[in-house]
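Dear colleague,

I am handing over the structure below, and after it I set out what was found. Please read the notes with the coordinates open beside them.

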Amino acid sequence: MPESPAPPKQPVATRREKFRAYMKNFNPTAPARDAIDSGLVLEDLHNSLSRSLAARADLEPGSQQLLAGGIGSGKTTELLLAEKSLYAEGNTAPLFIDITAETDLSGLDSGALLAAFGLHLVRAFRQEQLQAGFSGEQLAEVKKAANRIREFSLGKTESRWVDDYDYYEPPPEEEDGPPEPGHYITVHTPGKLQPPFPALQRDIQQIHEPLEMFLTAARKLFHDVVVIFDGLDRLIGLEKFWAVAHQDLRALRKLQVSVLAAAPLSILYGAGRQIAENFDRVYHLQTLAAEPEKLAVLKSVLEQRSVTEMLGSQQAERICVASGGVLRDLITLARDAGEEAYISGSDQIRLEDVEKAVGQLGTGYLRGLGPGQLKALSTLNKTGSFDPNSSVNMELLVTGRALEYSSTDFRVHPALLPLITKPEARIA
Amino acid sequence: MPEFIARPAYEIALRLEMRDGCAWSVVLKPEDISDTALRDFEHELSLHLETPVRILDVTGLSFVDLRQQLHTPPGDVVVLVGLDDWSRDSWTSLDINRDGMAREGPLIFWLSPSGVLGLCRHAPNIRSFVGGSIFPLGPEKGVMSEEERQRRLEQFAGHFQLRNEQVIQMAEAGTLPPEPEFVEWLVLLGRGDLV
């Protein structure tokens, strides 16, 4: 291995601290909740969208709203802000559930959303100490209901007696009753949060009663319960999304629980529209404008993270334009440009650092593109023509290589654009 | 286009040191790199960061097990290996569960060109987290010796009956088949920009 030089030492410690502080503010993979709590998020970026979501969920019990958007567009942040609004109102108990934290989403099936909701409800019940208003007898019933929810969610293992006249085996002596031939077997019933997840309508009916008992208790303190499901947008295939959501959301509507959920972008187009009709409202979290003359919003996102000292105006504008208005890309570019400046020994972020970061991001988008996709992007760039209903184009939208600014304005991601116009880009 | 990194572990260590945790990146390594190279990378990275680096082989792990291992402990540096031969379904499944892999410490995907293609084609949510942090190991100055590189290039030339210049010309003309072997060939020629 080649010998590496020692990392930079004093007097660069101050420089290092300065860069570290900058990088801390630009972490594209930091949990969205942390970014909100640290005051790094501009809360009114999408025209009070989170407040609209929260208000409807609060005012219309049982309503179901979806938030669809591209990868890195800020869906989780908006859902968390909606949760914050609901808390601030004080009348509603919002339950935020990142379903990817609960289970293996790829094996998710009908019943899993209800299972996760049930577990969170039981947890909230304990935390809020709603038990205070219950008699001992009622609490025993509630405990039974909690057990049923846990079994539904996590599964159960029990011993069952199996008659077996062919191979007689007397039961233990201390048991009462006449000896019968047979033996015990251990039966495990899988829970809804462990794969595999059989889709059984009967199971969903079974969970209705214990859930209702907890909801009644919760409604003694709050007007209503709102459940917020994050992570469902990962189910890019509509069939899978609908298989997971259909029965569970119907059951939640019956329970008068309002639902906010992230949804895949594909729900806005083609066959997705039919599924969208099952919801009271589907919001599209659109890509923010990134034309040089409309950069105020994106620049304000950077300013919220206090970068003026490290990042000059020209560099910031270039980052905004190259991000295409995709929030995660904006943060990624700002971070990577800072990283390049630090590694190159500069005290400030220069345009060449920004360009290097843009090139890296663009290359990331370029990798893996096939000839069909390159052709579609090339056509989009040359003619502006783009049919989001075609499978190739839908994939380009979902993967963020093509961006939608309005129903008639689609464009190639600006970091990718210069690379697809090069002849060598024709290879995957 | 990103340049090859002459001192991969050192540069990646510098970047990780600056980032605020939860940092995801990819090291793009040649297709048939030796285990020793991985150990060297781990050792060097560990020296620069002054913290242990854990290699986690995903071969045969269920997602539940993978998640559990990523979080035990959650804050160390993990290099994920064993993803190069993954199918579309495997990548899609991992992609759906991306947030389940989120952890405090840095996560490095140790991938060959075919592994990177799999990630970029079938795992858009993971790719979004990785962003532009795909760092190719330099064949000349990196973990593969010049002798190893030449031997590998000769193997390709003999097998496909093509010269290096022809492969570059075909890539530039867009006529090079997208098989992983050709991708590796380009990388070994220092033309990773054509991938």
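In this predicted model, a good place to begin is chain B, where strand β2 (residues 53–57) and strand β3 (residues 77–81) run parallel to each other and are paired over five bridges. Within that pairing, B:Val53 of the one strand has B:Val77 in β3(B) standing opposite. The two strands are also joined in a β-α-β unit, since β2(B), α3(B) and β3(B) together make one, and its hand is right-handed.

The helix of that unit, α3 (63–70), appears again where the chains meet. There, 47 residues of chain B are in contact with 45 residues of chain A. On the side of chain B that touches chain A, the elements that give two or more residues are α1 (8–18), α2 (35–49), α3 (63–70), α4 (88–96), α5 (98–101), α6 (113–122), α7 (124–130) and α9 (164–173), each of chain B. Of these, α7(B) provides the largest share, namely six residues. Sorted by class, the residues on this side of chain B are 23 nonpolar, nine polar and 15 charged.

Turning to chain A, the assignment divides the chain into domain 1 (13–30 + 289–365), domain 2 (46–135 + 201–285) and domain 3 (367–426). Between the C-alpha centres of domain 1 and domain 3 of chain A there is a distance of 24 Å, and the contact between these two domains takes 13 residues from domain 1 and eleven residues from domain 3. On the domain 1 side of this contact, two or more residues each come from α12 (313–323) and α14 (351–366) of chain A, with α14(A) giving the most, six residues. That side has eight nonpolar and five polar residues, and no charged residues.

Finally, the nonpolar cores. The largest has 112 residues, of which A:Leu67, A:Val227, A:Leu232, A:Leu260 and A:Leu330 touch the most other members, and helix α6 (residues 112–127) of chain A supplies the largest share of this core, with ten residues. If residues up to four places away in sequence are left aside, A:Val227 touches A:Leu95, A:Ile97, A:Phe117, A:Leu252, A:Val257 and A:Val259. A second core, separate from the largest, has 49 residues, B:Val27, B:Ala37, B:Leu70 and B:Ile108 among them.

With kind regards

Terms used. Residues numbered from 1 in each chain as written. Chains lettered and ligands numbered in written order. Predicted model: local features only at pLDDT ≥ 70, side-chain atom pairs only at ≥ 80, totals over all residues. Contact = placed C-beta atoms within 7 Å. Helix = DSSP H or I, 4+ residues; strand = E, 2+ residues; numbered from the N terminus. Nonpolar A, V, L, I, M, F, W, Y, C, P; charged D, E, K, R; others polar. Domains from an automatic or database assignment. Core = buried A, V, L, I, M, F, W, Y, C linked by C-beta atoms within 7 Å. Buried ≥ 20, exposed ≤ 12 C-beta atoms within 10 Å, placed from the backbone. Pairing = 2+ DSSP bridges. Right-handed = clockwise from strand over helix to strand, strands pointing away.
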